[in-house]
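Welcome! Have the sequence and the 3D view ready, and try each exercise before you read its solution.

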Amino acid sequence: MDGAWRGVGLSRRTAVATLALLAGFATHPAAAAEDCPGHPNALGTSRTLVVDPREHPRIGTMQYRETLPLADHEVVLTFDDGPLPRNSNKVLDILAAECVKATFFAIGDMARIYPEGVRRLLAEGHTIGTHSQDHPLTMNHMPIERVKQEIDGGIASAKAALGEDADKLAPFFRIPGLLRSDELEQYAAEKGIQIWSADFPADDWRHISSQRVYDLAISRLEAKGKGILLLHDIQARTVAALPRILETLKLRGYRIVHVVPATADRPATPTEPQQWLLHPSPDAIAQWPQVPKFVYAKLGGLPVPARSDFDAGGEETPVPHAGSLFSATWPEPPELVAENAAVSLASPAPSVFELEGGLDVALRGAALSHLAHRTASAAPAGAKRLSRRELRRLRVARAGHRARGTANASKPKTPTSRHARVKRIVQVRKRSV
Ligand SMILES: [Zn+2]
């Protein structure tokens, strides 16, 4: 099934290759007008980078030693968890208007429900990787047989959606929640699958504003100067933030790189090994901190801390949490990264401690219990009666509470309708990486 992923030779490392590299890394403007018909000021895609998963099985400095061999001001856009037409199609429209190519990590379940969404990714020239069959947030301690099912199932679903073009699926995999394990990585490597972490997220799966998504995407990119940005095409806040992100990339001279897998007919872009590292130095090695023990709230939706929790700048402040706490270790210590080595470890973001369902749900719950209390205490004594407005609020709150309770309680294993299946999947996706 992955014949096309095998048999790719080693990169040629010749003087000619070096010249080609230098040409590719030159700071020329991105796409020229002729590259994006009808959009003369488009950001465009500056170059295509062909990578061989067998040479570089794991990438992304959030977790790994290696990352893509990008030049300064080069950016790779990645989108997880789709396709979900409502928002994924808007993301695709925005990218198309700028002639920007990205990498999408599709979930098998979503590909089964919306195969047309996967086919659109291909038709528009994007790279399609996979993100497991069912997006479990337990792959770090799953039996290896289950891990294999998730990886293989996601690939099979995406290939089924692609039909005759199944061989166009890239052997790129992003682990749900970035919850790695040695066994998982070993299995992926054996299959010639490249595991993609990222260089920075924009926290767009959290309950934050689109403005915040924009701010985080740009500030983290500016801090690193290049890298793989992790986004989610199923999120409305990402749809809202994306045009401004692309506009800012354009204004600040960033260039989009499109990544595709090497095949027998398409050799990997020649690179040098050190280009896959983020410039480690002896000082960085000496100062590299221990892997932090990270404590976070067990809320079911935030399996790992965001990398931002370790970023410099103190942009977020810790919030005490009285709930059940347990400790977890960041999946793997990032290694020998100069930029990171100088960073003092900040505290977890407040959003890590968010109440499930968000603050508005919590407040509504408080209002509900307050109103219910008033109803109970008012009835027997005939004391103060609830106003019509309060009664209406109570009815609305109770109806909402019942609806949520039903939704939480039912969670059908075999949803009957497409809508129900999507709802179930998206409910999980919306709270996870
Ligand atoms: Zn995900």
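Below are five exercises, each with a worked solution.

Two notes before you start. Residues are numbered from 1 along each chain as its sequence is written. The model is predicted: local features need pLDDT of at least 70 and side-chain atom pairs count only at pLDDT 80 or more, while totals for chains, interfaces and linings use all residues.

**Exercise 1. Get an overview of the protein chain.**

Solution.
- Step 1: begin with the secondary structure, which comes to 13 helices and 12 strands. Helices (H or I, at least four residues) and strands (E, at least two) are DSSP runs, numbered from the N terminus.
- Step 2: turn to burial. Of the 433 residues, 40% count as buried. A residue is buried if 20 or more other C-beta atoms lie within 10 Å of its own, exposed if 12 or fewer, and partly exposed in between, with C-beta atoms placed from the backbone.
- Step 3: look at contacts, meaning residue pairs whose C-beta atoms, placed from the backbone, lie within 7 Å. Among contacts with a separation of 6 or more, 82% are between residues 24 or more positions apart.

**Exercise 2. Find the buried face of helix 4 (residues 115-123) and what covers it.**

Solution.
- Step 1: pick out the buried residues of helix 4, which are Gly 117, Val 118 and Leu 121.
- Step 2: look down the axis of helix 4; these buried residues fall within an arc of 100°, so they line one face of the helix. The arc is that of the directions from the helix axis to the C-beta atoms.
- Step 3: turn to the face away from the buried side, where Glu 116 and Ala 123 are exposed.
- Step 4: see what covers the buried residues; the cover includes helix 2 (85-97), strand 4, helix 3 (108-113), strand 5 and helix 5 (144-162).
- Step 5: move just past helix 4 to Gly 125, which takes a positive phi of about 85°.

**Exercise 3. Describe strand 5 (residues 127-130) and its pairing with strand 4 (residues 103-106).**

Solution.
- Step 1: check both faces of strand 5. Thr 127 and Gly 129 are buried on one side, and Ile 128 and Thr 130 are buried on the other.
- Step 2: follow the pairing. Strands 4 and 5 run parallel and are joined by 4 bridges; two strands pair if DSSP finds at least two bridges between them.
- Step 3: locate one partner: Phe 104 is bridged to Ile 128 in strand 5.

**Exercise 4. Examine the backbone of the loop between strand 3 (74-80) and helix 2.**

Solution.
- Step 1: find Asp 81 in this loop. Its phi is near 85°, a positive value in a residue other than glycine.
- Step 2: count around Asp 81; it has 29 C-beta neighbours inside 10 Å and therefore counts as buried.
- Step 3: go on to Pro 83, found in the same loop between strand 3 and helix 2. A cis peptide bond joins Gly 82 to Pro 83, with omega about 0°.

**Exercise 5. Work out how helix 2 and helix 8 (residues 236-251) pack.**

Solution.
- Step 1: recall that two packed helices are described by the angle between their axes and the distance between the axes.
- Step 2: read off both values. The axes of helix 2 and helix 8 come within 9 Å and cross at roughly 10°.
- Step 3: name the arrangement: helix 2 and helix 8 are therefore roughly parallel to each other.
- Step 4: list the residues that meet. Asn 87, Lys 90, Val 91 and Ile 94 in helix 2 meet Ala 236, Thr 238, Val 239, Leu 242 and Pro 243 in helix 8.

Terms used. Contact = placed C-beta atoms within 7 Å. Axes fitted to C-alpha atoms, helices over the stretch in contact; angles between N-to-C directions. Parallel < 35°, antiparallel > 145°, perpendicular 65-115°, else oblique.
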